[in-house]
Amino acid sequence: MPKIIPFKAVRPTRAIVGLVAARPYQSYTIDERESRMAYNPYSFLHIVNPGYKYDQEVIGEERYRLVKNRYLEFKEDGVFIQDNTPSFYVYKIVNRHGEEFSGIIAAASAEDYENDIIKKHEDTIAKREETFKSYLQTVGFNAEPVLLTYPDNVVIADIIKEAQKVHAEFEFTMTYRDTHYLWKIDNEKTIATIQSEFKKMKTVYIADGHHRSASSYLLYKDEKAKNPNHNGSESYNFFMSYLIPESDLVIHEFNRLIKDLNGLTKKEFLIQLDASYRIENRGIMPYKPTKPHHFSMYLDGEFYSLYLRKTAYDFNTALDQLDAQLLYKTILQSVLGIDDLRHDNRISYVNGQHEMITIKSSVDSGDYVVGFGMCPSNVQQMKQIADEGLTMPPKSTYILPKLRSGITIYEY
């Protein structure tokens with residue numbers, strides 16, 4: 001029975017929302033970030049990179065305090081305004097490929113995360129959880145919702161469609177040609193209907209934002225323990241989420257690039273792969289696999305197809321069925337000696353929105369020796385792995401939509 005509640009979002013004014021919205025801080029190069037801040041005084045990057053004002057990098061608690069100061073300045077200058085009534089927000093994204101995503105921005109329950117009603121499929125790093133929890137405690141707001149997905153629901157779908165019949169609160173297009181729309185739902189009856197429909201569900205699933213969810217849960221535990229008058233309605237009991245139906249979720253694969261063959265010659269490497277795979281040389285034309293448990297490989301100027309031998313691997317869990325896990329167990333770990341997919345600097349990742357030619361170019365440049373391509377996983381695999389209490393390897397999924405920071409803000 002997932003619990004979601006409306007909240008009074010802090011939002012940019014309609015006239016400049018497109019100037020405020022930004023990709024996550026880490027997704028920019030230093031040059032990109034500084035260029036955007038130099039020419040756009042309204043960019044949310046000025047808030048999350050507060051040292052720019054003083055032409056220096058600041059870190060830790062000092063940075064967090066300055067982030068809060070920049071945020072308050074944006075509010076004082078009227079860049080941000082706060083809604084007067086608790087609301088849900090219908091949010092729609094149409095990307096440059098014509099893919100369309102529509103869902104509801106709401107506050108989700110940290111207690112539901114604790115009780116496994118909000119389920120995860122990725123491991124998180126404790127240090128990152130603690131860092132972001134400290135950040136939230138100091139700055140007092142969250143500007144990037146966690147992406148949650150729920151089973152398709154006709155009632156909620158009809159409410160979303162009905163909301164979109166009127167003029168949007170705002171509409172803007174980013175430089176990557178993604179167009180964003182937002183509508184506010186503050187009708188009490190409609191809000192109650194949405195909440196009722198979510199209460200009928202057994203679970204919802206984290207699609208993207210595992211560290212943000214975990215950090216929000218840690219914040220909830222800390223603040224609850226410090227508050228002798230805790231009653232469950234405080235803002236720290238919830239975290240901002242964007243809930244979309246499963247049919248709207250788009251999952252791409254992450255392909256792998258490896259810097260060496262772990263001391264093996266090309267022939268030795270192929271012979272070791274032969275134990276687990278039927279190997280075919282596909283020549284110089286890019287090859288992309290089309291079935292689960294099939295992989296493409298680019299090595300020494302040629303593409304290969306790798307078909308898993310049926311007797312070479314045991315499928316005992318939902319995780320075993322995942323191609324990212326299969327590639328890890330049969331090649332990356334056992335042949336190439338890569339145990340730590342998160343930290344080993346011999347491996348890099350390319351999301352599946354890029355063509356196989358990207359893998360070819362990366363290997364031909366000499367930066368890498370071999371590249372692997374795979375088919376994407378699907379929502380059902382993700383859910384089954386979460387239901388079994390298992391976790392995917394790092395960089396198993398590249399999930400759309402990708403959200404922007406600063407469009408709706410949840411204050412603690």
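Analyst: Helices in this text are DSSP runs of H or I with at least four residues, and strands are runs of E with at least two, both numbered from the N terminus. On that basis, lysine 259 is found in the loop between β14 (254-258) and α10 (266-273). The model is predicted.

User: Why is lysine 259 called partly exposed?

Analyst: Its relative accessible area is 40%, and buried would need a value under 20%, whereas exposed would need one over 50%. The value for lysine 259 falls in between, so partly exposed is the class that applies.

User: Which residues does lysine 259 touch, not counting residues up to four places away in sequence?

Analyst: Lysine 259 touches Asn345, Arg346, Asp367, Tyr368 and Val369. Aspartate 367 lies 108 residues away from lysine 259 along the chain, yet the C-alpha atoms of the two are separated by 6.6 Å.

User: What makes α7 roughly antiparallel to α8?

Analyst: Helix α7 (residues 154-163) and helix α8 (residues 188-199) pack at an angle of about 150 degrees, and their axes are 9 Å apart. Angles over 145 degrees count as roughly antiparallel, and therefore α7 takes that description with respect to α8. As for handedness, α7 passes α8 in a left-handed crossing.

User: How do you know that the contact of α7 with α8 divides into nonpolar, polar and charged residues?

Analyst: The contact is made by Val155, Ile156 and Ile159 of α7, together with Thr190, Thr193, Ile194, Glu197 and Phe198 of α8. Val, Ile and Phe count as nonpolar and Glu as charged, while Thr belongs among the polar residues. The division that results is five nonpolar, two polar and one charged.

User: Why are α6 and α9 called oblique to each other?

Analyst: The axes of helix α6 (residues 126-139) and α9 come within 8 Å and cross at roughly 60 degrees. Roughly parallel requires an angle under 35 degrees, roughly antiparallel one over 145, and roughly perpendicular one from 65 to 115, with the rest being oblique. The angle for this pair meets none of the three conditions, so α6 and α9 are oblique. Their crossing is a right-handed one.

User: Which residues in α6 and α9 meet?

Analyst: Arg128, Glu129, Glu130, Phe132, Lys133, Leu136 and Gln137 in α6 meet a set in α9 that includes His211, Arg212, Leu218, Asp222, Glu223 and Lys226. By class, the contact of α6 with α9 has eight charged residues, five nonpolar and four polar.

User: How do you know that histidine 210 is buried?

Analyst: Histidine 210 has a relative accessible area of 4%, and the limit for buried is under 20%, so this residue of helix α9 (residues 210-226) qualifies. Apart from neighbours within four places in sequence, histidine 210 is in contact with Lys120, His121, Glu122 and Thr124.

User: Why is lysine 200 called exposed?

Analyst: Lysine 200, in the loop between α8 and β11 (204-208), has a relative accessible area of 63%. The class of exposed begins over 50%, and lysine 200 therefore belongs there. The C-alpha atoms of lysine 200 and proline 2, which are 198 residues apart along the chain, are separated by 8.0 Å.

User: Which residues have the most contacts inside the largest nonpolar core?

Analyst: They are Leu249, Phe269, Met297, Leu332, Leu336 and Phe372, in a core of 67 residues. Its largest share, six residues, comes from helix α11 (residues 323-333). Phenylalanine 269 is in contact with Met297, Leu336 and Phe372, among others beyond four places in sequence. Another core, of 32 residues, lies apart from this one and has Ala108, Tyr150, Ile194 and Val204 among its members.

User: What is the phi of aspartate 116, and what is that of lysine 395?

Analyst: Aspartate 116 has a positive phi of about 65 degrees although it is not a glycine, and lysine 395, likewise a residue other than glycine, has a positive phi near 55 degrees. Aspartate 116 is in the loop between α5 (110-114) and β6 (118-119), while lysine 395 is in the loop between α13 (379-387) and β20. Their relative accessible areas are 40% for aspartate 116 and 41% for lysine 395; both values lie between the limits of 20% and 50%, so each residue counts as partly exposed.

Conventions: Residues numbered from 1 in each chain as written. Predicted model: local features only at pLDDT ≥ 70, side-chain atom pairs only at ≥ 80, totals over all residues. Heavy atoms only, no water. Axes fitted to C-alpha atoms, helices over the stretch in contact; angles between N-to-C directions. Left-handed = near helix turned anticlockwise from the far one by under 90°. Contact = heavy atoms within 4.5 Å. Buried < 20%, exposed > 50% of the residue type's maximum accessible area, 1.4 Å probe, protein only. Core = buried A, V, L, I, M, F, W, Y, C linked by side-chain atoms within 4.5 Å.
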